[in-house]
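The following exercises are to be worked with the sequence and the coordinates at hand. Each task is followed by a solution in steps.

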Amino acid sequence: MSVYYYEPFYNFDRFFENLAGRPSSTDAQLPAAENTMPVVVRPKMDLHEDAGKNTVTATFELPGLKKEDVNIDVHDGRLVISGETKLSTEHEEGGYAVRERKFGRFSRTLRLPQGVKEEEIKASLADGILTVTFPKAGVDTAPKRISIV
């Protein structure tokens, strides 16, 4: 059985921190221009376990990002999804050129089940949705009972 940590008050805490104008201590922050609020970069993630296929699928919302902007690393049994957002818009308003730029980094880490090899992890990015699929723990990695003598 794989263990994943659920954050039940994540959106609730974020709502009050944004309402009060305080940045979250757990979120990466973007540099802010004068008279603007800091922009928080924390991609939303969904986990789905398919017992029939013996896989776990993690999906991340990364709107506007290309695959060159996203890094996927495996280190010490952890899957690290990181990247950098670079959004820039430009338009004319009332005879003035208005340019807005938002930059920032993000990182999400998942603990992989024991025994998962790098080559078993598959990833794809389409329409701003990153999908990462990997096998869940097999029978050989199940806990074994030890008898007391």
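The exercises below concern a predicted model and treat its sheets, its nonpolar core and its salt bridges in turn.

**Exercise 1. Determine the strand order of the sheet that contains β3, and identify its edge strands.**

Solution.
1. Four strands make up this open sheet; read across, the order is β3-β4-β9-β8.
2. The pairing between them is antiparallel.
3. Strands β3 (45-50) and β8 (122-126) each pair on one side only, and they are the edge strands.
4. On average, neighbouring strands of this sheet are turned by 15° against each other, direction ignored.

**Exercise 2. Locate D50 in this sheet and describe its surroundings.**

Solution.
1. Strand β3 contains D50.
2. β3 pairs with β4 (residues 55-61) in the antiparallel sense, over 6 bridges.
3. Opposite D50, in β4, stands T55.
4. The relative accessibility of D50 is 24%. Partly exposed residues lie between the limits of 20% and 50%, so D50 is classed as partly exposed.
5. D50 and K136 are 86 residues apart along the chain, and 8.9 Å separates their C-alpha atoms.

**Exercise 3. Describe the sheet that contains β6, and explain why β5 and β7 are its edges.**

Solution.
1. This open sheet has 3 strands in the order β5-β6-β7, paired antiparallel.
2. β5 (70-75) and β7 each have a single partner strand, so one side of each lacks a neighbour in the sheet.
3. Neighbouring strands are turned by 10° against each other on average, direction ignored.
4. β5 and β6 run antiparallel and are joined by 6 bridges.
5. Within this pairing, V74 has L79 in β6 as its bridge partner.

**Exercise 4. Which residues of the largest nonpolar core touch the most other members, and which strands supply at least two residues each?**

Solution.
1. The largest nonpolar core has 16 residues.
2. Those touching the most other members are F60, L79, I81, V132 and F134.
3. At least two residues of the core come from each of β4, β6 (78-93), β7 (96-111) and β9 (129-135).
4. Consider L79, leaving aside its neighbours within four places in sequence: its contacts include I72, V74, L110, I121, V132 and F134.
5. The contacts of L79 also include D73, R108, T109 and L112.

**Exercise 5. How many salt bridges are counted, and where do their partners lie?**

Solution.
1. The criterion is a side-chain nitrogen of Lys or Arg within 4 Å of a carboxyl oxygen of Asp or Glu. The count is 3 salt bridges.
2. E49 and K136 form one of them, with the closest N and O atoms 3.0 Å apart. E49 belongs to strand β3 and K136 to the segment after β9, so this pair ties together parts that are 87 residues apart in sequence.
3. E49 is partly exposed at 40% relative accessibility, whereas K136, at 17%, is buried.
4. A further salt bridge joins E84 to R105, the closest N and O atoms being 4.0 Å apart. E84 lies in strand β6 and R105 in strand β7, and the pair links distant parts of the chain, 21 residues apart.
5. With a relative accessible area of 27%, E84 is partly exposed; R105 is exposed at 59%.
6. R99 and E90 also form a salt bridge, with a closest N and O separation of 3.4 Å. R99 is partly exposed at 48% relative accessibility, while E90, at 57%, is exposed.

How values were computed
Residues are numbered from 1 along each chain as its sequence is written. This is a predicted model: local features need pLDDT of at least 70, side-chain atom pairs count only at pLDDT 80 or more; totals for chains, interfaces and linings use all residues. Side-chain values use heavy atoms; hydrogens and water are left out. Two strands pair if DSSP finds at least two bridges between them. Axes are lines fitted to C-alpha atoms, for helices over the stretch in contact, and angles run from 0 to 180 degrees between N-to-C directions. A nonpolar core is a set of buried Ala, Val, Leu, Ile, Met, Phe, Trp, Tyr and Cys residues joined through side-chain atoms within 4.5 Å. Buried means under 20% relative accessible area, exposed over 50%, partly exposed in between (1.4 Å probe, protein chains only). Contact means heavy atoms within 4.5 Å.
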